[in-house]
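Got the structure open in your viewer? Let's walk through it one selection at a time.

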Amino acid sequence: MKLLPSIARIHRFATHAYTLLPYHFVRSGYALPLRFFIFEMTRRCNLRCQMCQYIQWLRETPPAQQKEGELTTEEWLSVIRQAPRLGLVTFTGGEPFVRPDFLELLGFASSRCRTHMITNGTMLTEERARHLIDFAPRRFGGVGFNVLGVSLEGPEEVNDRIRGEGGFAKSIGAIKMVSSIRRDRGRRCPLIHVTTVIQKGNLDYVSWMPQIVADAGGDVVNLTLEVRNQELQGFGSRDPSAYSMSQLKSPRLDPQRVADALRDTRRAAEKAGIELRTPDMPDREIVRYYAGQTDLRDFRCPELWSTLVIGSKGDIHPCWMTSVGNVRETSLKKAWNNDKFKEFRRRTRQGLFTPCAGCCMLSYHAAKNRR
């Protein structure tokens with residue numbers, strides 16, 4: 001299937017176009033009406049992945065305490081009702097299916113707007129898979145459940161070393177199951193992307209992913225960068241300008257091996273007939289990131305003018321670096337252009353912060369005429 005990547009490129013172009021006017025010409029930090037949402041259903045998870053930013057919290061915090069303060073079913077339903085019909089909602093976690101009410105919430109959202117979810121796939125039963133197909137629109141881009149994202153880090157031995165024993169078989173089984181039900185019903189949706197984090201433990205196997213995904217019936221391989229900003233002391237409560245690059249413990253990988261992995265993965269994707277998505281930057285910038293050489297002056301964050309993040313406990317975020325309110329106290333519409341949000345947009349337009357390095361929301365735009 002070639003549809004998802006073309007739509008993905010259109011979405012990226014549309015996002016940039018939507019933010020172009022307010023980003024460049026509205027000095028106040030005002031943004032056009034909200035269209036894109038990321039809902040963090042929970043930070044709880046049934047896996048303990050090595051590269052997870054929340055791994056220490058997951059290991060050290062008792063399960064009952066992890067759940068404390070999460071939005072209730074009714075509170076999430078209230079949040080979903082605030083999303084416009086033409087909006088796009090991404091559900092993520094943790095693992096969304098840890099919540100017993102997740103399928104209810106996804107179904108409700110899918111009846112009102114376009115939806116997308118990210119899961120590790122290990123809790124996706126056949127019954128749940130059939131519901132996902134029920135939620136899907138007849139045509140891609142219509143109201144309904146459009147895209148399923150499954151996280152996978154490599155072939156079985158590699159994936160299970162990173163994500164936990166038995167995970168590969170369950171995740172691949174979920175992809176095959178959804179693909180099979182989709183085919184049996186004559187549907188094109190939900191389309192399936194597999195997300196792989198480029199990291200030390202799988203670098204030499206990233207190029208295996210296109211064929212693995214093709215064999216399972218998936219549509220796209222989505223490569224992302226490993227980020228460690230959540231490990232910064234006080235992250236989310238401290239002023240983001242307080243951090244220096246020396247404090248950010250970003251992963252370091254051999255530049256030539258990273259370049260070779262990207263080249264080989266592109267070739268493998270073409271051979272397998274699988275589309276490959278990478279961060280919004282040239283491959284050389286991915287290499288520079290893992291060498292600790294990212295220059296944030298070469299990047300923008302247009303997502304601050306288009307996307308709102310809702311944390312599992314109701315905090316409203318431009319991104320994880322700061323909060324501009326809580327859904328228990330204010331509406332999404334009011335928070336979207338409140339004074340704190342507009343100030344944060346103005347600051348990032350003047351220059352990004354150290355914790356921004358590696359973020360999937362960044363867009364490459366090489367700075368010119370530097371002084």
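Start by selecting Gly 164: this glycine comes right after helix 7 and has a positive phi, near 120°. Bear in mind as you look around that this is a predicted model.

**Helix 7 and its cover**

Now step back from Gly 164 and select helix 7 itself, residues 156-163. Color Val 158, Asn 159, Asp 160, Ile 162 and Arg 163, which are the buried residues of this helix. What covers them? Strand 4 and helix 8 are among the elements that do.

Add helix 8 to the selection, residues 167-184. Helix 8 lies across strand 4 and strand 5 (191-198), and its direction makes an angle of about 160° with strand 5.

**Zoom out for a moment**

Show the whole protein as a cartoon, and you have 13 helices and 12 strands to look at. The C-alpha atoms fill a box of roughly 55 × 50 × 40 Å along the principal axes. For 371 residues, a compact globule would have a radius of gyration near 21 Å, and the 20 Å of this protein agrees with that. Turn on the surface and about 17,100 Å² is exposed, with carbon and sulfur atoms supplying 50% of it. Buried residues make up 54% of the 371. Among contacts with a separation of 6 or more, 76% are between residues 24 or more positions apart.

**The sheet**

Hide the helices and follow the strands. In what order do the strands of the open sheet come? The order is 7-6-5-4-3-2-1-9-10-11, 10 strands in all, with mixed pairing. Strand 7 (275-277) and strand 11 (325-326) are at the edges; each has a single partner strand, so one side of each has no neighbour in the sheet.

Next, pick strand 1, residues 36-40, where four of the five residues are buried. Look to one partner, strand 2 (residues 88-92): the two run parallel and are joined by five bridges. Click Phe 36 and you'll find that its bridge partner in strand 2 is Leu 88. Another partner is strand 9 (residues 307-310), which pairs with strand 1 in the parallel sense over four bridges. Here, Phe 37 stands opposite Leu 308.

Move along to strand 3 (residues 114-119) and strand 4 (residues 144-151), a parallel pair held by six bridges. To spot one of the matched positions, select Thr 119 and look across at Val 150 in strand 4.

Then go to strand 6, residues 220-225. Buried or exposed? Six of its six residues are buried, so strand 6 is largely enclosed by the rest of the structure. Show the side chains: Val 220, Asn 222 and Thr 224 point one way, while Val 221, Leu 223 and Leu 225 point the other way. Strand 6 pairs with strand 5 in the parallel sense over six bridges, and Val 197 has Thr 224 of strand 6 as its bridge partner.

**Helix 5 and a pair of arginines**

Bring the helices back and select helix 5, residues 102-110. Seven of its nine residues are buried, so this helix too is largely enclosed by the rest of the structure. The buried ones are Phe 102, Leu 103, Leu 105, Leu 106, Gly 107, Ala 109 and Ser 110. They pack against helix 4 (73-81), strand 2, strand 3, helix 6 (126-135) and strand 4.

From there, hop to Arg 81 in helix 4. Arg 81 is partly exposed, at 44% relative accessible area. Leaving aside neighbours within four places in sequence, Arg 81 is in contact with Phe 108 and Arg 112. Arg 81 and Arg 112 are 31 residues apart along the chain, yet their C-alpha atoms are separated by 8.1 Å.

**Last stop: the cysteines**

How many disulfides are there? The count is zero, taking a disulfide as two cysteine sulfurs within 2.5 Å. Select Cys 45, which is in no disulfide: the nearest cysteine sulfur, in Cys 49, is 6.0 Å away. Cys 45 is buried, with a relative accessible area of 18%.

Finish at Cys 189, which is buried at 0% relative accessibility. The closest cysteine sulfur to that of Cys 189 is in Cys 113, and at 15 Å it is too far for a bond.

Note on methods:
Residues numbered from 1 in each chain as written. Predicted model: local features only at pLDDT ≥ 70, side-chain atom pairs only at ≥ 80, totals over all residues. Heavy atoms only, no water. Pairing = 2+ DSSP bridges. Contact = heavy atoms within 4.5 Å. Axes fitted to C-alpha atoms, helices over the stretch in contact; angles between N-to-C directions. Buried < 20%, exposed > 50% of the residue type's maximum accessible area, 1.4 Å probe, protein only. Rg over C-alpha atoms; globule rule 2.2 N^0.38 Å. Areas by Shrake-Rupley, 256 points an atom, 1.4 Å probe, with all protein chains shown as cover.
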